[in-house]
Amino acid sequence: MASTLFSRQLTYMLQQNLKFSLPRSRYVSQPANKSDVDVEFDGPLMKTEVPGPRSRELMKKLNELQNVDAVNFFCDYEESRGNYLVDVDGNRMLDLYTQISSIPIGYNHPALIKVLQNPQNVSTFINRPALGCLPPENYVQKLSETLLSVAPKGLKQVQTMACGSCSNENAFKAACIWYRNKERGKAQHTKEELDSCMINQAPGSPDITILSFMGGFHGRTFGCLAATHSKAVHKLDIPTFDWPTAPFPKLKYPLEEFVRENTQEEERCLEEVEDLIVKFRKRGRNVAAIIIEPIQSEGGDNHASDDFFRKLRNIAKKHGSAFLCDEVQTGGGGTGKFWAHEHWGLDDPADVVTFSKKLLSGGYFYKDELRPDMPYRIFNTWLGDPSKNLMFSEVLHVIRTENLLENVVQCGTVLLNGLKDLQVHYPHILSSARGKGTFCSIDAPNEATRNQLVLKMRNKGIVLGGCGDKSIRFRPSLVFKQHHAHLFLNVFNDILADHK
């Protein structure tokens with residue numbers, strides 16, 4: 001077994017060294033050290049174009065049942081492993097997108113397989129309780145060991161949910177309840193409020209608002225869509241709330257060359273936030289909360305400075321609005337810190353931090369004062385899933401024992417520096433390389449070129465994702481290693497060199 005493993009490693013290194021010596025490449029990344037080689041798979045292995053014949057056959061069958069326009073290809077998850085996703089046609093691809101940033105420690109991690117194989121865990125996977133009414137005996141202990149052990153600074157309360165959209169949806173509700181209780185003081189709900197809310201009228205259904213940002217994405221449920229402004233296809237034909245939408249800074253890159261311009265842009269956006277709060281207040285429509293992503297992901301991987309977020313938090317506090325930080329996509333370690341907002345250095349923590357994806361189930365942390373004042377105000381049947389929390393416990397163990405946040409920082413440096421080098425070599429194709437940790441992105445000239453590059457890379461065995469109008473985003477797992485980054489960079493270089 002050992003000799004076979006060594007042979008596979010040696011073969012991989014010889015293949016990589018041969019590739020690195022290709023004279024036509026204007027950009028050449030570095031080979032990985034032998035000790036870094038992924039012993040699970042040697043690298044991508046492509047047998048057909050993607051989607052292949054088996055995927056196309058399954059897509060045709062599925063199309064009889066539902067719309068498949070968004071389906072890329074069908075996967076063989078039993079054969080997928082680590083950083084590699086295998087499709088039903090046997091194509092093995094290095095996955096830098098990981099199910100829209102939601103696979104924390106790769107496919108079929110041995111530690112997670114052991115969790116499922118442990119007979120003591122069978123009951124947790126079989127019986128999914130209505131947690132709001134009938135939680136299991138060990139639930140308090142499990143929450144303390146898992147979610148509360150990584151709770152953002154200053155937040156000691158947590159509410160579990162099933163997904164990112166319902167996490168934000170219920171965070172909105174919690175903020176609105178908190179805001180109305182502030183306005184009401186110690187008074188009890190009036191009969192008029194109780195009666196009027198049943199017919200969607202004030203004062204029981206108050207005309208308060210949530211302020212969000214252009215380019216933001218917070219989910220596709222009805223309330224969340226009012227705060228989502230990334231793509232028209234999400235919102236078209238759907239009734240919505242008239243809530244304030246502020247501009248998000250459009251930074252110029254490289255950042256060090258546009259310090260003055262970017263500072264002015266951020267100040268402009270902050271002024272508009274305050275203007276909107278005042279404008280809506282004059283109309284009797286107070287802003288109960290401000291919601292923002294640390295990095296606008298679906299909207300195009302849009303960044304702002306740490307100072308921008310600190311000032312925004314102060315604006316929320318000044319006007320008595322809750323400050324909601326949406327970490328559904330950024331949370332879980334991809335930026336090099338477990339929570340992306342940790343980079344900001346806030347003196348006063350966010351009032352609410354929502355999560356999902358890499359944490360395997362959804363939910364939100366919140367300050368004590370946002371705790372619901374009555375039962376059933378924040379509620380649904382399942383309120384999360386104890387089996388996902390059980391899996392997350394092992395994910396946390398792997399993150400800690402394998403120092404994966406440090407790994408993300410190191411690999412992110414390789415990835416981002418490589419992207420910056422490539423945009424120097426191919427300035428007519430690439431620009432605005434940016435990111436924190438491995439949570440990186442780069443721009444193509446337009447949407448058509450971006451889509452062509454993503455498809456070409458897929459057929460060479462690299463899975464990437466798009467976002468915004470023209471950006472390519474990178475969302476590898478936390479077990480993504482430096483040799484994976486070098487492998488990607490060299491394949492990307494070959495595609496760029498041949499791109500017409």
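## A loop lysine, two enclosed strands and two helices

K252 touches F258 and N262, when residues up to four places away in sequence are not counted. This lysine lies in the loop between β5 (245–246) and α11 (259–282), and K252 counts as partly exposed because its relative accessible area is 45%, a value that falls between the limits of 20% for buried and 50% for exposed. K252 and R220 are 32 residues apart in sequence, and their C-alpha atoms lie 30 Å apart in space.

All of this is read from a predicted model, and it is worth asking how confident the prediction is. The mean pLDDT of the chain is 93, and 93% of its residues reach 70 or more. Two stretches call for caution: over residues 1–26 the pLDDT stays under 50, and the model has 34 contacts beyond four places in sequence for them, while over residues 34–38 the pLDDT also stays under 50, with 11 such contacts in the model.

### Strand β4 and its partners

The loop of K252 begins after β5, and β5 pairs with β4 in the parallel sense over 2 bridges. Within that pairing, F213 has A246 of β5 as its bridge partner. β4 also pairs with strand β6 (residues 287–292), again in the parallel sense, over 3 bridges, and here the bridge partner of L211 is I290 in β6.

How many of the 5 residues of strand β4 are buried? The count is 5 of the 5 residues in β4 (residues 209–213), so this strand is largely enclosed by the rest of the structure. In a regular strand the side chains alternate between the two faces of the sheet. For β4, both faces are covered, with T209, L211 and F213 buried on one side and I210 and S212 buried on the other.

### An open antiparallel sheet

Strands of a sheet pair through backbone hydrogen bonds, either parallel or antiparallel. An open sheet of 4 strands shows antiparallel pairing, in the order β10-β11-β14-β13. Because β10 (431–436) and β13 (465–467) stand at the edges with a single partner strand each, one side of each is left without a neighbour in the sheet. From one strand to the next, the twist averages 25 degrees.

β11 (residues 439–443) is joined to β10 by 4 bridges, and the two run antiparallel; among the paired residues, S431 has D443 in β11 as its bridge partner. These two strands form a hairpin with 2 residues between them, where G437 takes a positive phi near 60 degrees. β11 is also joined to β14 by 4 bridges in the antiparallel sense, and S441 stands opposite R473 in β14.

In β11, 5 of the 5 residues are buried, so the strand is largely enclosed by the rest of the structure. Both of its faces are covered, since F439, S441 and D443 are buried on one side, while C440 and I442 are buried on the other.

### Cysteines without a disulfide

A disulfide is a covalent bond between the sulfur atoms of two cysteines. How many disulfides does the structure hold? The structure holds 0 disulfides. The sulfur of C224 is 8.4 Å from the closest cysteine sulfur, in C163, and is therefore too far for a bond. For C440, the closest cysteine sulfur belongs to C411 at 11 Å, which is also too far for a bond. C224 has a relative accessibility of 0% and so counts as buried, and C440, also at 0%, counts as buried too.

### Two helices checked by length

The table sets the expected span of two helices beside the distance between their end C-alpha atoms.

| Helix | Number of residues | Expected span | End C-alpha atoms apart |
|---|---|---|---|
| α13 (386–401) | 16 residues | 22 Å | 23 Å |
| α15 (447–459) | 13 residues | 18 Å | 19 Å |

For α13 the two values agree, and for α15 they agree as well. The buried residues of α13 include L390, M391, F392 and V395, and its buried residues pack against α4 (110–117), α5 (122–126), α6 (139–145) and α14 (404–425). α13 is followed by N403, whose phi is positive, near 50 degrees.

In α15, the buried residues are T449, R450, L453, V454, M457 and R458. What covers these buried residues includes β2 (92–95), β12 (462–463), β13, β14 (471–474) and α16 (482–498).

Terms used
Residues numbered from 1 in each chain as written. Predicted model: local features only at pLDDT ≥ 70, side-chain atom pairs only at ≥ 80, totals over all residues. Heavy atoms only, no water. Expected span 1.5 Å × (residues − 1). Buried < 20%, exposed > 50% of the residue type's maximum accessible area, 1.4 Å probe, protein only. Contact = heavy atoms within 4.5 Å. Pairing = 2+ DSSP bridges. Axes fitted to C-alpha atoms, helices over the stretch in contact; angles between N-to-C directions. Disulfide = S-S within 2.5 Å. pLDDT = per-residue confidence, 0-100.
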